[in-house]
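Okay, thanks everyone, let me get this up on the screen. I'll talk through the ligand shell, then a strand in the middle of things, then the core.

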Amino acid sequence: MVRYVYDFRDGGRDLAGLLGGKGANLAEMTRLGLPVPPGFTVTTEACRAFLATGAEPDGMAAEVSRHLSALEGTTGRLLGQPDDPLLVSVRSGARFSMPGMMETVLDIGLNDDSVLGLAKVSGSERFAWDSYRRLVQMFGSTVMGVDPALFGEAMVLLKGAREAPDDVHLDASDLAWLVETYKRLIRDETGQDFPQDPAGQLRQAVLAVFRSWNAGRARVYRRREHIPDDLGTAVTVQRMVFGNLGPGSGSGVAFTRDPATGQPGLYGDYLPNAQGEDVVAGIRDTVPLSALERLDPRSYRQLRDHAQTLERHYRDLCDIEFTIERGTLWMLQTRVGKRTAEAAFAIAAELTGEGLITPDEALGRVHGEQLGRLMFPRFDTGRAGPELAHGVPASPGAASGAAVFDSAEAVRRAAAGERVVLVREETTPDDLPGMVAARAVLTSRGGKTSHAAVVARGMGRVCVCGAQDIAVNTGARRFTARDGTVVEEGTFISVDGSTGAVYAGAVPLVASTTMRYLESGEQTGSVVAAVARALEHADVVRRLEVRANADTPEDAARARRFGAQGIGLCRTEHMFLGERRKLVEEMILARGDAGRDKALAVLLPLQRQDFAGILRAMDGLPVTIRLLDPPLHEFLPDRTELAVRVAVAEAAGGQPEPHDVELLDAVNRMHEENPMLGLRGVRLGLVVPGLVAMQVRAVAEAVAERVRAGGSPRAEIMVPLVGSVEELRLAREEVTRVLAEVGEETGVAVHCPVGTMIELPRAALTAGRIAEEAEFFSFGTNDLTQTTWGFSRDDVEAAFFSAYLDKGVFASSPFETLDREGVGRLVRIAVEEGRAARPGLQTGVCGEHGGDPESIRFFHTAGLDYVSCSPFRVPVARLEAGRAAL
Ligand code: PEP
Ligand code: MG
């Protein structure tokens, strides 16, 4: 038979799935012999059954009353007994903590009779009526669905009439009056009376907690925290103990060490003469636990001892809720506590040092996201004003500067020594110089894989994108925040790329010691030492290699300092921007082979120099250079602007510039409705004569140059957007021919492995064939996600992703966290069939997912050889690759 109820003496923390975190830990503390008020837990299984059918599962009610009888036996009192009532609390407790998201009802068992008995045995009429008042209020809102604000209003009116600054100043008769008022309110609002039957109160409260699993705020919280919707909550029923029985009583929260810094020692807050709810609600000011040491040294010492017992037992920082009832300490809850990123690393290192946990366990307790947070300067938020806007935290860190609204202005002001923040609706490759010049980028459109986000992450620029609550008016050089604040060009703003917040003015910064360590190896302080230890251990245990996506020598050098084991993606299109755009224009416009060859010949030495610099920075490590990928028209001027310029010149009766006419003609010729599905990647290389040859020659000559200089260059050539083995075969023939040619010319035998990106479903599905021509595969999961789902990676997020997230179509954007079911399946198929065709085939990933912790776990299990991500994500990826291998 299924068992729906567990006494605290029967469970343990290994039953968290069934008893919820709270129930499991109460059972664990009971087993450890700590002073826990007795009680029992109704399981998550009962909740799931109730939510599925709308009725209590068979047998649950009988089990609850059996356990209630046992509790009554233990305490020697009956629930709601008129002369000396047993009262119980009914609390939610899911497997994963969802603080404040679900319901609680306290003081179950009070009614018009037992309130009098409670007054007598407690010796305090005020206390009894206050408890009853709390029950009617909580029950009315939680179980019977009355708007809580109505109770609040009644309380405010009464306090006003009594001129009472807070509820402590209300006396017993005031509170008795309030109980009657609340009961009337419930009757008026629901047509039903507040139930006087204690067992009925208990039953209804348990079901209300079950129902609160599906409350709107709980759903939203679960989605944000990636908690599955089908777990359900357990319900704990526990004898009430009272912290509000006078000055010898009180409630508090404690941590077994400081959750902000990780420093050892009991830490927390205490509120004399109060219930636990009052501490959390912040109604009155708490005092530090050191004050409890003076007020009640015995209870303090016990609490300290119990805290130590718990930390030793759980081998981790625990938080504790406790109540002191007339000098007796009761432990009401414990769990492994939340902590800051600093504390997470510090505690993991310290507990390893104490021999309490192994280095593997320590690594399991720190996350890549926490490391990411430590790597960037932070705002001193205590000194920040209110938020101006909030967007997607796209590239971490914090920076302030004068708002500017176009790239040229950003460059101009930065050259004059000003700090600027580039604000755009969204960015394009044209904004690149401005993004380089700016301290931060803020856009009102686009998500984590928008151009602004990807480029800013690559450069380590702070970026908040998709801040939909600002209206950017580029023409007028200002933006308007939702609250109506207008930010004109030149006004200082502060952008927090780790949280998505945007503030007015310049918020002071706190520098990152972790970044200093990663850049220079200098270890200052215990947190940095702890980070170093975690990374070192991750490097020992991980199987995945970590490379970087980088296309300048500076980025390559930084990636190497951060621990990258090579470059997994060098995007060569970035080398065609800026001043070189003119040369690309000439190549495109050239009539006949001669003109084109001339333009390519000018580009050749420039590319060679680029590659030589990167190969030098990565000497001895692999550098995967990708042939040109984006459609050529991206290097030409905007079609509409050009058409307008030509039309205006014609309308004025003059002759348009011949160059403009020629350009417009070329732009029109190349125009595509769907350029991302058009002439790009390998297709470009196969139809534009000389392009592949120029790029490969540049690579090969750079390799030869480095070899002659005594270096160990390890270039690899990667062909993008391949869908068929034929495409790759043709491209590879060209590559091999040029490599041999350069080998002969230079006398240096240039061997570069040739591989392909897998970024089309067809490539994944025909990977066995493609592997015949490829020495390695690199999964371009940005395009592979785009082409598998049919979502445009550039447009989709602003348009309907938030609706899809709300509707639960997916829990996170598939452009951020790899969709295992679909895209992941293609990856697995390609790895398996590729390796079957070519044993030893190298496989890696270079899409944005290469730096995403959850995706890295998948790539580890899928058996890839490496992940490649932006240089600033390299330490995070090292850590997560280590964690994936545990
Ligand atoms: C990809 O598609 O995942 C990739 C790395 O290439 P790009 O982002 O340059 O298209
Ligand atoms: Mg791609």
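Before anything else, the classes I'm using: Ala, Val, Leu, Ile, Met, Phe, Trp, Tyr, Cys and Pro count as nonpolar, Asp, Glu, Lys and Arg as charged, and the others, Gly among them, as polar. With that split, the shell around ligand 1 has two nonpolar, four polar and four charged residues. And please keep in mind that this is a predicted model.

So who is in that shell? Around ligand 1 you'll find Leu569, Arg571, Asp629, Glu759, Gly780, Thr781, Asn782, Asp783, Cys846 and Gly847. Two elements, strand S25 (567-571) and helix H31 (781-789), each put in at least two residues. Which element gives the largest share? That's H31, with three residues.

Okay, zooming out. The chain has 886 residues, and 51% of them are buried. Its secondary structure adds up to 35 helices and 31 strands, and the C-alpha trace spans about 105 × 65 × 55 Å along its principal axes. If you take contacts between residues at least 6 apart in sequence, 68% of them join residues at least 24 apart.

Now, a strand I'd like you to look at: S14, residues 398-404. Seven of its seven residues are buried. What does S14 pair with? On the antiparallel side there's strand S21 (residues 492-496), with five bridges, and serine 400 stands opposite serine 494 there. Then there's a parallel pairing with strand S15 (residues 420-424), over three bridges; in that one, valine 404 has leucine 422 as its bridge partner. How do you get from S14 to S15? Through helix H16 (residues 407-415), and the three together make a right-handed β-α-β unit.

Last stop, the core. As a general point, nonpolar side chains in soluble globular proteins tend to be buried together. Here, the largest nonpolar core has 261 residues, and the members touching the most others are Val421, Ala534, Val699 and Val867. Helix H27 (residues 691-708) supplies the largest share of this core, 10 residues.

Let me pick out alanine 534. Which residues does alanine 534 touch, leaving aside those up to four places away in sequence? Phe345, Ala348, Ala362, Leu363, Val366 and Leu879.

That's my tour, happy to rotate the view for anyone.

Technical notes
Residues numbered from 1 in each chain as written. Chains lettered and ligands numbered in written order. Predicted model: local features only at pLDDT ≥ 70, side-chain atom pairs only at ≥ 80, totals over all residues. Near = placed C-beta within 6 Å. Helix = DSSP H or I, 4+ residues; strand = E, 2+ residues; numbered from the N terminus. Buried ≥ 20, exposed ≤ 12 C-beta atoms within 10 Å, placed from the backbone. Contact = placed C-beta atoms within 7 Å. Pairing = 2+ DSSP bridges. Right-handed = clockwise from strand over helix to strand, strands pointing away. Core = buried A, V, L, I, M, F, W, Y, C linked by C-beta atoms within 7 Å.
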